[in-house]
Structures are given as structure tokens and as C-alpha cells.
Number of protein chains: 2
Amino acid sequence: MTTDPLNGDRAPQTLAFLLSQVGIHASRRFAERIAEVDLNPPLFRVLNLVAAAEGESQQAIGAAIEIPASRMVALVDELEQRGLVERRPKPEDRRVRALFLTAKGKRCLERGRRIAKQHEDELTEGMSATDRKLLISMLQQIVDQQALGKGVHPGLSEKDPAK
Amino acid sequence: MTTDPLNGDRAPQTLAFLLSQVGIHASRRFAERIAEVDLNPPLFRVLNLVAAAEGESQQAIGAAIEIPASRMVALVDELEQRGLVERRPKPEDRRVRALFLTAKGKRCLERGRRIAKQHEDELTEGMSATDRKLLISMLQQIVDQQALGKGVHPGLSEKDPAK
DNA sequence: GCAGAAAGGTTTACGACGTGAACGATTCAT
DNA sequence: ATGAATCGTTCACGTCGTAAACCTTTCTGC
């Protein structure tokens, strides 16, 4: 058989490509998994943040993960429609909408967190605890060095958009 | 000062989140950089593949990186309009379009590769060669274990879609 | 206390993508 | 020769994220 140039290079990939590939896979896979509780990654992320800072304004929470205000509205709309989050007017400033988790929201978040944990395990299956820690510290090093924010990246919400 | 729950956890992130974050950053940053030669990542990827397998059919090349036929058309259209790639009819099978690089395409690819190299360096700035290798092998381990293809992921083509 | 600036939230219109289904042309199988 | 499969293409659709405009409420300076 002749060497097929189309058949993947088993040659070592570049780090940049590997990072993209693995990172995007991680995102997509998580999107699949988190869909089990009828959420997508941005919604889950916002839900988490609301839990961490109940009573904060919509924009304060959005700003923390670099989500533009107009996008935040849609996200919170979703969460509210599903009965996971509540918008309460704030007496002292009638412009703002303070966000709170509902009981259902708390349950959903809990389930989501279990899924996230499973996802984490799945991703690092067959990897020693030592390696895992090592990998984390190296990635963290890149994050620091590249001065990455804590932003939730747009897109990548659904594995299968045509569903 | 009170502990602000909105201010990022400096606590150790999960591996899954770190991977997504870094991976997506790598993609976005590369998209920015490769735009200097007026390409986006999928176009650059196809260009590379055409170079590696000149004369192959459009779909053969597309299949190698898991790009659906209908998407491939648009991609090759772009490359052809820019004069980087040529579609030539194949005498023995008049259905297929064999792809070839033009001289301009070769130059562009070369420039793109230099950029990719720089991107690689930028990403791993301040990282020892040893760590770099280590990181690569660990990521490769995940790729193998997760059985990831060589697909080019959709989306992420442009840093600023509204441009 | 009033005018104008600024901030929170919302709505809307738009543009960018990727996909699947349907289609014509060509080649293959029998 | 006829039907099935393949290559490439077109098209219509649905999903997303964004910026711009807008209303309401609060703040600032005078």
C-alpha cells in the first residue's frame, strides 16, 4: 500500500492544535451531557453564578463572566421560564433585577454539578491523579500567562444544532 | 472588605473547564492571527490538506477532516475565488473536481504556516521545552483515549463576527 | 429641585454560520 | 439497459450572538 497523505498524520501534532481540538471536544461533550438537565453551558454557567451571588443584579452577574447585557436578558429569560431563577425588583434601586435561585433551580444546579463531575472524570479517564494535577497546573500556567478572563465563550452550546 | 463571590475563584479550576477555556482561547487567537493572510481556520486547514494531497477530489479531502460535502463546496469556492486553489476536472471521472494549489496558494500557505508557528510560540510562551513536550503527550493521551477524530470544528472562525 | 448624563434592562433587526434535503450529472453494478 | 450509488452543487432553514435604539430610573452639578 502506498502512503496515503489523507490518512491522518500520526506525527506529533502542534500544541496549539491539540489544545484547540481537546478543548473544543471538552466543550462539546459537556454540552451533550448538560443537556440531560435541559441546560446548555451558558445557562449552566449563569445558574452557577447566581447561586454564588444570590441577590446580585443581572448585569453584575453577566459582567463577571463577560456576557453582554443584551445576551444576559435572553439567558435569564430562559432560566426564568424554566422556573430555575427568579427576577426580583430591588426596592432601593428600581432599575435593577436581583436574581435568585428557586428551589427547582437549586435541585437542577445540583444535578448539573453531578454531571459536571462525571464529565470531568470521563475526560481524564485513564489518567493518574498525579498527571491530572500536573495537567491542571500547566493549563493554569497558560491561563495566567495569556491573561484569560473567566468569560463564557459564545457558541458551542449544542452538539447538534439541528435538533 | 468582604469576600466578593462574583470576583473570580482563584481556587483551582476543574480540568474540564480549563481545557475548554484554553482550547477555545487557542482557537480564537489563531483565528485572529490567521486573518492576517485573509484566511480563517477552516480555510487554512483545507489549504493545508490540499497541499498534502494535491489532485485529490473535493470530497476525499473534506472527508479526511470530517467536513460535509455541502460545506466543502463553500470552502473551496472561497479558496478558488481568492486564487489559492484550482478545481480541475478529472478526465477519467467527470464527476469529480480535483484540487490543486496555485502558486499564490503556495505562497499563502507558507505565510500561514509561519503564523501558525508564531501562534504556537505565543501560546507556550514562558514554558520550558520539557513542559511543552509533557503537555503535548498528555493532551495526545486524551485525544487517543477519547477517540477524537481529526475534524475541523465548525464555528470559531472569526474573532469578531460583526466585522 | 431641575436638566442632563449615566446606568440597568429590554427589544429588535441584522448578519454569520452550518446543516440537511433535494437535484442534475455521471458512473457503477447487474 | 436500468436502477443504485457517487460527486458536486444549490437552497431554504434554524441557531446564535451582537450592536443599536429605547424606556425607565438614578445620579450629578448647578
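**Close-ups of a two-chain predicted model**

**View 1. Two copies, one turn.** Take chain B, turn it by 180° with a shift of 0.0 Å along the axis, and it lands on chain A with an RMSD of 0.0 Å. That is what a two-fold axis does, so that is the relation between the copies here. Looking for the spot in chain B where the backbone comes nearest the axis? The C-alpha to find is that of B:Gly23, which sits 2.0 Å from it. Keep in mind that this is a predicted model.

**View 2. The side of chain B that touches chain A.** Here 48 residues of chain B are in contact with 48 residues of chain A. Four elements of chain B each give two or more residues to this side: helix H1 (15–34), helix H3 (58–64), helix H5 (103–123) and H6. Which of them gives the largest share? That would be H1(B), with 13 residues. By residue type, this side of chain B splits into 26 nonpolar, 16 polar and six charged. As for how the copies pair up, 100% of the interface residues of chain B are interface residues in chain A too, so both copies meet through the same surface.

**View 3. Helix H1 of chain A against helix H6 of chain B.** Zooming in on one helix pair across the interface, we have H1(A), residues 15–34, packing with H6(B), residues 129–146. Their axes lie 10 Å apart and make an angle of about 40°. Angles under 35 degrees would count as roughly parallel, and this pair is therefore oblique. The crossing of H1(A) and H6(B) is left-handed.

**View 4. Side by side in the H1(A)–H6(B) contact.** On the chain A side, the residues to pick out are A:Leu15, A:Leu18, A:Leu19, A:Gln21, A:Val22 and A:His25. They meet a set from H6(B) that runs from B:Arg132 through B:Leu135, B:Ile136, B:Leu139, B:Gln140, B:Ile142 and B:Val143 to B:Gln146. Sorted by type, the residues of this contact come out as nine nonpolar, four polar and one charged.

**View 5. Chain A by itself.** With chain B hidden, chain A shows six helices and two strands. Where do the strands fall in the order α-α-α-α-β-β-α-α? Along the sequence, they come after four helices and before the last two. Of the 163 residues in chain A, 33% are buried. Contacts between residues at least 6 apart in sequence are worth a look as well: 58% of those in chain A join residues at least 24 apart.

Conventions. Residues numbered from 1 in each chain as written. Chains lettered and ligands numbered in written order. Predicted model: local features only at pLDDT ≥ 70, side-chain atom pairs only at ≥ 80, totals over all residues. Axes fitted to C-alpha atoms, helices over the stretch in contact; angles between N-to-C directions. Parallel < 35°, antiparallel > 145°, perpendicular 65-115°, else oblique. Left-handed = near helix turned anticlockwise from the far one by under 90°. Contact = placed C-beta atoms within 7 Å. Nonpolar A, V, L, I, M, F, W, Y, C, P; charged D, E, K, R; others polar. Least-squares fit on C-alpha atoms with pLDDT ≥ 70 in both. Buried ≥ 20, exposed ≤ 12 C-beta atoms within 10 Å, placed from the backbone.
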